[in-house]
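Biologist: I am new to this structure and would like a close look at a single part of it, the group of aromatic rings and what surrounds them. Please take me through that part step by step, with the cut-offs for each term.

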Amino acid sequence: MGPADVNNILKVMEAMAELELAISEFYKTCGEIWQEDKPFWSGLAEAEICHVEFIKSMAGRLRKNPGIFEIARPINTVAINTAINGVKNNVQKLKKGDFDKKKALFISRDTELSILESKYADMLKTTDHDFKTLVTEITVQTENHRNLLTHKIEQAKGTFS
């Protein structure tokens with residue numbers, strides 16, 4: 001992979017890390033609003049912060065040895081920035097009281113289902129074992145988040161007004 005491609009992928013990874021931070025802020029805000037569920041929301045928020053650290057490690061591995069990477073599926077920063085703006089907008093709506101818990105749970109689940117959250121494995125091809133391990137960890141945690149949110153939605157059915 002050439003220097004221009006590496007630079008572009010690093011910008012994408014930086015934007016993906018920013019998206020993870022925005023999602024973490026959404027979860028943290030939910031925990032502040034619904035204190036009875038704070039441990040649930042805090043756990044999700046902390047995992048998103050871990051994803052940021054994983055992305056930083058992945059970027060470092062790409063910088064260190066770009067020759068063992070190739071672009072598998074291009075992702076552009078425009079799509080990621082749109083998602084970031086959407087999440088930040090939802091944080092503001094949460095703070096204003098525009099969302100009830102039901103809506104927050106559905107938004108959270110849909111975020112975890114989003115293409116950006118689930119396509120880390122499709123972005124680059126590499127033989128770097130540690131890079132692949134980090135991608136797998138993000139993917140597994142994201143799937144667990146979806147499952148936890150789906151379960152929480154199922155548990156709450158009938159309690160939503």
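Modeller: What follows begins with the aromatic rings and then moves outward to the parts around them. This is a predicted model, in which local features need pLDDT of at least 70 and side-chain atom pairs count only at pLDDT 80 or more, while totals for chains, interfaces and linings use all residues. Residues are numbered from 1 along each chain as its sequence is written, and side-chain values use heavy atoms, with hydrogens and water left out.

A pair of aromatic rings is described by the distance of the centres and the angle of the planes. Here, rings of Phe, Tyr and Trp (for Trp, its six-membered ring) pair if their centres lie within 6.5 Å, and planes under 30 degrees apart count as stacked, over 60 as edge-to-face and the rest as tilted. By this rule there are 4 aromatic pairs. One of them joins F26 and Y27, whose rings are 6.2 Å apart from centre to centre with 70 degrees between the planes, an edge-to-face arrangement. Another joins Y27 and W41, and this pair is tilted because the planes stand at 35 degrees, with the centres 5.9 Å apart. The pair of Y27 and W41 links distant parts of the chain, since Y27 lies in helix α1 (residues 3-33) and W41 in helix α2 (residues 38-64), 14 residues apart; helices here are DSSP runs of H or I with at least four residues, and strands are runs of E with at least two, numbered from the N terminus. Ring pairs bring F26, Y27, F40 and W41 together into a cluster.

Are these rings buried or exposed? Buried means under 20% relative accessible area, exposed over 50%, and partly exposed in between, with a 1.4 Å probe and protein chains only. Both F26 and Y27 are buried, with Y27 at a relative accessible area of 1%, and W41 counts as buried because its relative accessibility is 0%.

The cluster also has a charged neighbour: the charged end of K152 sits over the ring of F40, 4.9 Å from its centre. The rule for this is that NZ of Lys or CZ of Arg is within 6 Å of the ring centre and within 35 degrees of the ring normal. K152 is itself among the buried residues of helix α7, which also include F131, L134, H145 and L149. Helix α7 (residues 129-156) has 28 residues and reaches 40 Å from its first C-alpha to its last, close to the 40 Å expected at 1.5 Å a residue, where the expected span is 1.5 Å times one less than the number of residues.

Two of the ring residues also belong to a wider setting. A nonpolar core is a set of buried Ala, Val, Leu, Ile, Met, Phe, Trp, Tyr and Cys residues joined through side-chain atoms within 4.5 Å. The largest such core has 45 residues, of which M13, F26 and W41 touch the most other members. Helices α1, α2, α3 (77-96), α4 (101-113), α6 (120-123) and α7 each supply at least two residues of this core, and α1 gives the most, with 14 residues. Further along the chain from W41, K56 comes 15 residues later, and the C-alpha atoms of the two are separated by 23 Å.
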